[in-house]
Amino acid sequence: MKLENDQSCSWINDLTKRTNIKSINSNEDCEWLIIGAGYTGLSAARKLGQLNPNQKIILVDAQLAGEGSSGRNSGYLVDTTLNDGFSSSKDENNYKKKTDIYDIGIKSVKKFINEYQVDCDWNECGKFFASSNSKDIKILKNFSKILNKLGFKNNILTHEELKKRLGTSFYNTGLYTDGGILLHPGKLVRAMIDALPNNIRLYENSFLIKWEKKKDFILCKFDQGQVKTKKIIFATNGFLRSLGIKKNYNFPITLTASMTRPLTEKEFELIGEPPEWGVLPIRPMGATVRTTKDKRILIRNTAEIHNPFKMSKSELNKRSLKQKIGIKKRFPELPDDIIQSSWSGVVSRTRNGSQIFEKIDKNIFVAGCYNGSGIGVGTLFGEQIALKANNENTEEINIIEKRNKANLLPPRPLLDIGVKARLMYERLIAASEY
Ligand SMILES: Cc1cc2nc3c(=O)[nH]c(=O)nc-3n(C[C@H](O)[C@H](O)[C@H](O)COP(=O)(O)OP(=O)(O)OC[C@H]3O[C@@H](n4cnc5c(N)ncnc54)[C@H](O)[C@@H]3O)c2cc1C
């Protein structure tokens with residue numbers, strides 16, 4: 001089996017090409033093995049490297065490090081979410097537990113970028129939840145009540161106010177929250193690669209085919225070699241299930257996004273020169289849309305059950321067309337041919353939207369399933385799973401472990417039928433929001 005990424009994500013193509021890429025091509029022994037080099041695996045490796053400077057630590061990825069979802073997401077670092085996937089949060093107490101985790105997730109990313117002086121187009125501009133359907137004001141009013149109770153500053157916005165702030169007449173109702181950061185996900189994950197301590201061996205383009213727990217070690221087989229490790233951390237997020245990890249608790253969802261080229265001065269003027277902004281949908285299957293520091297527009301309006309290992313060019317083109325229409329609906333004054341790139345990425349979901357953070361067996365650890373909020377939570381969970389695996393306890397681990405645990409999924413094929421039906425329903429009620 002192979003993981004085949006499209007090479008067409010603007011965030012990744014913005015970065016300089018990395019050189020000196022090493023792959024596993026012999027047999028090795030180590031103390032620690034981390035599988036997956038996205039925010040989670042890179043953060044775990046950084047922490048483990050700092051804690052154990054004299055131990056052999058290997059970090060492996062099936063593709064180039066950071067070029068999975070971590071380098072190809074929408075770049076919203078969120079403190080609150082309206083849709084944790086399929087439904088709005090109704091339960092205030094559980095919602096608080098979630099936002100406590102988002103809060104320490106943001107702090108982890110902030111600490112990282114301050115410590116390593118990272119330039120990732122960090123912009124604390126807050127975020128909008130918006131819809132073209134005026135009836136969605138009801139959902140926003142309820143959401144606003146929860147936010148107020150929990151102390152998150154927010155205000156509801158009218159069509160006119162949204163038009164002024166976003167430069168589009170598309171949205172009829174919205175809510176703005178002060179919290180929330182927009183960033184360049186590719187630059188952030190590249191900085192995490194650059195920050196790896198010297199004692200981390202990074203192997204890329206090395207797909208873990210099979211792993212097996214033996215008496216005192218774990219044996220991992222790759223195409224060109226195998227690694228015997230004392231302890232292992234699985235940080236493969238949307239690919240946890242394919243490795244048989246917590247497979248009755250998580251499943252992959254494929255998202256696609258497109259980004260325009262930078263708008264010209266004239267085009268930017270036409271849309272009213274709005275400062276950088278990010279809009280999240282009110283309905284789970286609506287579009288997330290944002291602008292970037294260099295005046296590009298990103299749109300993500302698909303989420304589906306799909307083969308996580310590959311999306312063909314023709315399938316991607318179909319989704320890109322949907323995104324072209326999405327941009328046209330919002331910015332009819334802009335030319336038709338401004339999409340520069342389209343790409344897909346895989347996230348992991350659980351039934352109740354809860355994350356996975358645990359020791360699943362002696363010396364075997366896993367962190368993942370952040371739904372749409374893996375920038376902060378992935379960074380946090382990576383660092384903290386490393387600490388947990390190193391037998392340390394922290395205030396952050398206590399907060400993480402207070403969350404509701406992921407629920408058992410129905411067996412297949414019931415799961416597939418259920419998820420597909422749910423996605424179809426959500427798509428139907430969000431039809432105006434693509
Ligand atoms: C289009 C899109 C938009 C998103 N928008 C946002 C957003 O705005 N804000 C936000 O917070 N989150 C967003 N997300 C989610 C976010 O990107 C993820 O939650 C986050 O990247 C998870 O990080 P990770 O390190 O756990 O997993 P990943 O970044 O997916 O890393 C896992 C790595 O494991 C590797 N791997 C998998 N299988 C194997 C194997 N068998 N052997 C070796 N390596 C393997 C993969 O190659 C991959 O690099 C979005 C995701 C997508 C796709």
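Helix α5 (residues 159-166) lies across β4, β5, β6 and β13. It runs at about 100° to β5. The model is predicted. The sheet beneath this topic is an open one of 8 strands with mixed pairing.

**Sheet layout**
- The strand order is β5-β6-β4-β13-β14-β15-β12-β16.
- β5 (154-158) and β16 (339-350) stand at the edges; each has a single partner strand, so one side of each lacks a neighbour in the sheet.
- Neighbouring strands are turned by 20° against each other on average, direction ignored.

**Helix α4 on the sheet**
- Helix α4 (residues 137-149) lies across β4, β5 and β6 (173-177).
- Its direction is at about 15° to β6.

**Strand β13 and its partners**
- Strand β4 (residues 127-131) pairs with β13 in the parallel sense, over 3 bridges. F128 has V279 of β13 as its bridge partner.
- Strand β14 (residues 288-291) runs antiparallel to β13, joined by 2 bridges. Here G278 stands opposite R290.
- β13 and β14 form a hairpin, with 6 residues between them.
- In a regular strand, side chains alternate between the two faces of the sheet.
- Both faces of β13 (residues 278-281) are covered: G278 and L280 are buried on one side, V279 and P281 on the other.

**From β14 to β15**
- β14 and strand β15 (residues 297-304) run antiparallel, joined by 4 bridges.
- T288 has R300 of β15 as its bridge partner.

**Surface patch**
- Y425, L428 and I429 form a nonpolar surface patch, with about 320 Å² of accessible area together.
- L428 lies in helix α11 (residues 414-429). L428 counts as exposed because its relative accessibility is 66%, and the cut-off is over 50%.

Definitions and conventions
Residues numbered from 1 in each chain as written. Predicted model: local features only at pLDDT ≥ 70, side-chain atom pairs only at ≥ 80, totals over all residues. Heavy atoms only, no water. Patch = residues over 30% accessible without salt bridge, like charges linked within 9 Å, V, L, I, M, F, W, Y side chains within 5 Å. Areas by Shrake-Rupley, 256 points an atom, 1.4 Å probe, with all protein chains shown as cover. Salt bridge = Lys/Arg side-chain N within 4 Å of Asp/Glu carboxyl O. Buried < 20%, exposed > 50% of the residue type's maximum accessible area, 1.4 Å probe, protein only. Pairing = 2+ DSSP bridges. Axes fitted to C-alpha atoms, helices over the stretch in contact; angles between N-to-C directions. Contact = heavy atoms within 4.5 Å.
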